[in-house]
Amino acid sequence: MNARTRGESSGAGKKVLISLLVAVLLLGGLAAAGTYLWSQYGQQLSLAFGWTTNDYEGPGEGETIVVITEGEIGSDIAANLAAADVVKTSEAFYDVLLAQDPAVEFLPGSYRLKLQMSAKGALEALQDPANKMELTAMIPEGKTVSQTIELIAAGADIPLAELEAAVQDPAAFGLPAGVDTLEGWLFPATYEFEEDTTGAEAIQRLVDEQRNVLTELGVAEADRERVLTIAAMIQREGGRIEDFGKVSRVIQNRLDQGMKLQMDSTAQYGMGQHEDGSVWSTDEALSDDNPWNTYVHEGLPKGPIANPGRDAISAALNPEPGDWLYFVAINLDTRESAFSVTQEEHDASVQRLNEWCAANPGKGC
């Protein structure tokens, strides 16, 4: 074989090899793109093609309590049921509800329901008087004073006006010196009340329970308002209980370095936008000069922004070791957050949230 022939043969082999490499790279790129697209849009595609359903099947299992308050409409109730994992999606329940003729009317109160029920089964359970709990209020973690007294009024059949009047006088409930609001001091739990319980007595019971928890955890009276202030931010920002210690560490690291906390929950609370259900804060909220806004003021906000539970209080007292200075939610369904040490890492995590929001419209973004 002469040199020319060898050269031609070698060149042809290289062309084949290059073609194979290009094909492999193209296939790999398509696979990677397909994986990404499926992670972002797979659920919608599965629903569209009937590969999965947005509804649970069967009667459900376990038990939880759901509270319907005065003035809530069908979409509110659907969202609450989905958040409690009573139904798989709010859309499934709302579709069943809209199909009812005559329209269903819900009575305010606390209802004992199963988890992971079909939407039809959940609706039937809410219409069954046997599931309505008398004089019982279930207070979830992270509710504000105004939200909490609405739940008490609905569950315990105490007039809301009576509860509103009671919370106007924080000094009547034995709070530490200088504390001028009940925010943070109403311990979240399930309470059973007597038929003749007054609004002030109901509030005192929640305050006493919060005081008992703080005592159990060894929090001195002089430190309690500060601990509750930090715990309330952890409760509203943390997403998952397993992340509470990391959120606590971010708060502590920022305080130690003289950085503004920049917690959206505080900006939203200061503007009265904490019930909007959006992970994003408005420009108006971020720039408003109110004593809760940690985007404007250094250090802790004026006081608690919600009522924290035991896990958040414990996390405030025991930050998880770490160097994190930033965190952001990256999946609002799973409530997963990403924690970062540098601004660059944080920016990349924010982009992940943006991508998730683009793929999941109407889910809190």
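Which helix does Gln268 lie in? Gln268 lies in helix H10, the run from 264 to 270, and we'll come back to that residue below. Keep in mind that this is a predicted model. The protein chain has 13 helices and 7 strands, and of its 365 residues, 41% count as buried. If you take the contacts with a separation of 6 or more, residues 24 or more positions apart account for 64% of them.

**How H5 and H7 pack**

- Helix H5 covers residues 145–156 and helix H7 covers residues 199–216; the two pack at an angle of about 120 degrees, with their axes 11 Å apart.
- That angle falls outside the 65 to 115 range for roughly perpendicular and is not over 145 either, so H5 and H7 are oblique to each other.
- The crossing of H5 and H7 is right-handed.
- On the H5 side the contact is made by Thr148, Ile149 and Ile152, and on the H7 side by Ala202, Ile203 and Leu206.
- Sorted by type, the residues of this H5 and H7 contact come out as 5 nonpolar, 1 polar and no charged.

**How H8 and H12 pack**

- Helix H8 (residues 224–237) packs against helix H12 (residues 310–317) at an angle of about 115 degrees, and their axes are 8 Å apart.
- This crossing of H8 and H12 is right-handed.
- H8 brings Val227, Leu228, Ile230, Ala231, Ile234 and Gln235 to the contact, while H12 brings Ala312, Ile313, Ala315, Ala316 and Leu317.
- The residues of the H8 and H12 contact split into 10 nonpolar, 1 polar and no charged.

**An open sheet of 3 strands**

- The strands of this open sheet run in the order E1-E2-E3, and the pairing is antiparallel.
- Strand E1 (61–68) and strand E3 (132–133) are the edge strands, as each pairs on one side only.
- General background: strands of a sheet pair through backbone hydrogen bonds, either parallel or antiparallel.
- E1 and E2 pair in the antiparallel sense over 6 bridges.
- If you want a bridge to look at, start from Ile65, whose partner in E2 is Arg112.
- Strand E2 (residues 109–115) also pairs with E3, again in the antiparallel sense, over 2 bridges.
- For the pairing with E3, look at Ser110, which stands opposite Met133 in that strand.

**Gln268 in H10**

- Gln268 has a relative accessible area of 9%, under the 20% cut-off, so this residue is buried.
- Setting aside neighbours within four places in sequence, Gln268 is in contact with Gln273, His274, Ser278, Val279, Trp280 and Ser281.

**Arg335 in a loop**

- You'll find Arg335 in the loop between strand E6 (326–331) and strand E7 (336–340).
- With a relative accessible area of 48%, Arg335 is partly exposed.
- Not counting residues up to four places away in sequence, Arg335 touches Gly239, Arg240 and Asp243.
- Arg335 and Glu237 sit 98 residues apart in sequence, but their C-alpha atoms are 9.9 Å apart in space.
- The backbone of Arg335 has a phi near 65 degrees, a positive value in a residue other than glycine.

**Other backbone spots to check**

- As a general rule, most residues other than glycine have a negative phi, and most peptide bonds are trans.
- Asp157 isn't a glycine, yet its phi is positive, at about 60 degrees.
- This Asp157 is found in the loop between H5 and helix H6 (160–167).
- Asp157 has a relative accessible area of 66%, over the 50% cut-off, so Asp157 is exposed.
- The peptide bond from Asp101 to Pro102 is cis, with omega near 5 degrees.
- Pro102 itself lies in the loop between helix H3 (90–98) and E2.

Conventions
Residues are numbered from 1 along each chain as its sequence is written. This is a predicted model: local features need pLDDT of at least 70, side-chain atom pairs count only at pLDDT 80 or more; totals for chains, interfaces and linings use all residues. Side-chain values use heavy atoms; hydrogens and water are left out. Axes are lines fitted to C-alpha atoms, for helices over the stretch in contact, and angles run from 0 to 180 degrees between N-to-C directions. Helices (H or I, at least four residues) and strands (E, at least two) are DSSP runs, numbered from the N terminus. Angles under 35 degrees count as roughly parallel, over 145 as roughly antiparallel, 65 to 115 as roughly perpendicular and the rest as oblique. A crossing is left-handed if the near helix is turned anticlockwise from the far one by less than a right angle, and right-handed if clockwise. Contact means heavy atoms within 4.5 Å. Ala, Val, Leu, Ile, Met, Phe, Trp, Tyr, Cys and Pro count as nonpolar, Asp, Glu, Lys and Arg as charged, and the others, Gly among them, as polar. Two strands pair if DSSP finds at least two bridges between them. Buried means under 20% relative accessible area, exposed over 50%, partly exposed in between (1.4 Å probe, protein chains only).
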